[in-house]
Amino acid sequence: QVQLVESGGGLVQAGGSLRLSCAASGSIFSISAMGWYRQAPGKQRELVARITSGGDTNYADSVKGRFTISRDNAKNTAYLQMNRLKPEDTAVYYCNLWHWASLSGARDYWGQGTQVTVSS
């Protein structure tokens, strides 16, 4: 079983920075894709950034050039560095681990979420 614990959210002024961390338990972190999603009030959850086990990344257009996703397999931890934050980045941010195995198929695991609030 995998557990994900996010940290690093908080209140920041527009233009500021935050770094989110996602610590994973278990032994499949290094062979799994990691993603950060967010959900603002009244809106659907959306993908913010994703990094594969091989290090390939992709980002939502709204955060390209401002956010950076990374991972440290030795620490079983994924990160989301958020710079030049905007009020529209305000949301609950969720960490996701996606793993595929031939016997079990695809599995998704989610963290509990961490609130990011950007004031104008």
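Strands here are DSSP runs of at least two residues, numbered from the N terminus. With that in hand, V2 is easy to place: V2 sits in the segment before β1 (4-7). Welcome to this predicted model, a chain with 0 helices and 11 strands. The points below go from the whole chain to some of its residues.

**The chain as a whole**

- Read from the N terminus, the order of elements is β-β-β-β-β-β-β-β-β-β-β.
- The C-alpha trace spans about 50 × 25 × 25 Å along its principal axes.
- The radius of gyration is 14 Å, which agrees with the value near 14 Å for a compact globule of 120 residues.
- Of the 120 residues in the chain, 42% are buried.
- About 6400 Å² of the chain is exposed, and carbon and sulfur atoms supply 48% of that area.
- Among contacts with a separation of 6 or more, 55% are between residues 24 or more positions apart.

**The start of the chain**

- V2 has a relative accessible area of 9%, so it counts as buried, the cut-off for buried being under 20%.
- Beyond its neighbours within four places in sequence, V2 is in contact with S25, I28, L97 and Y109.
- V2 and K75 are 73 residues apart in sequence, and their C-alpha atoms are 15 Å apart in space.

**The disulfide**

- The structure holds 1 disulfide, and its partners are C22 and C95, with sulfur atoms 2.0 Å apart.
- This disulfide links distant parts of the chain: C22 belongs to strand β3 (residues 18-24) and C95 to strand β9, 73 residues apart.
- The link of C22 and C95 is left-handed, with -80° about the S-S bond.
- Both cysteines, C22 and C95, are buried.

**Rings and the charges over them**

- A pair of aromatic rings is described by the distance of the centres and the angle of the planes.
- The count here comes to 1 aromatic pair, formed by Y37 and W110, whose centres are 5.0 Å apart.
- The planes of Y37 and W110 are at 65° to each other, so the pair is edge-to-face, a term for planes over 60 degrees apart.
- Y37 is in strand β4 (residues 33-39) and W110 is in strand β10 (residues 105-110), so this pair also links distant parts of the chain, 73 residues apart.
- W110 has a relative accessibility of 37% and therefore counts as partly exposed, which means it falls between the limits of 20% and 50%.
- R45 also meets W110: R45 lies over the face of the ring, at 4.7 Å from the ring centre.
- Elsewhere, the charged end of R71 sits over the ring of F29, 4.7 Å from the centre of that ring.

**The loop between β8 and β9**

- Which residues can you look up here? R84 lies in the loop between β8 (77-82) and β9 (91-101), and D89 lies in the loop between β8 and β9 too.
- Leaving out residues up to four places away in sequence, R84 touches G15, G16, S17, G65, R66 and D89.
- R84 and F67 are 17 residues apart in sequence, with 8.5 Å between their C-alpha atoms.
- Is D89 buried or exposed? With 0% relative accessibility, D89 counts as buried.
- Leaving out residues up to four places away in sequence, D89 touches R38, R66, F67, R84, V116 and V118.
- R66 is among the residues that touch R84, and R66 is also among those that touch D89.

**Positive phi angles**

- Most residues other than glycine have a negative phi.
- R84 is not a glycine, yet its phi is positive, at about 50°.
- N76 is another residue other than glycine with a positive phi, near 55°.
- N76 lies in the loop between β7 (67-72) and β8.

Terms used: Residues are numbered from 1 along each chain as its sequence is written. This is a predicted model: local features need pLDDT of at least 70, side-chain atom pairs count only at pLDDT 80 or more; totals for chains, interfaces and linings use all residues. Side-chain values use heavy atoms; hydrogens and water are left out. Rings of Phe, Tyr and Trp (its six-membered ring) pair if their centres lie within 6.5 Å; planes under 30 degrees apart count as stacked, over 60 as edge-to-face and the rest as tilted. Helices (H or I, at least four residues) and strands (E, at least two) are DSSP runs, numbered from the N terminus. Buried means under 20% relative accessible area, exposed over 50%, partly exposed in between (1.4 Å probe, protein chains only). A charge sits over a ring if NZ of Lys or CZ of Arg is within 6 Å of the ring centre and within 35 degrees of the ring normal. Contact means heavy atoms within 4.5 Å. A disulfide is a pair of cysteine sulfur atoms within 2.5 Å. The radius of gyration is taken over C-alpha atoms; the globule rule is 2.2 Å times the number of residues to the power 0.38. Accessible areas come from the Shrake-Rupley method with a 1.4 Å probe; for residues, only the protein chains shown count as cover.
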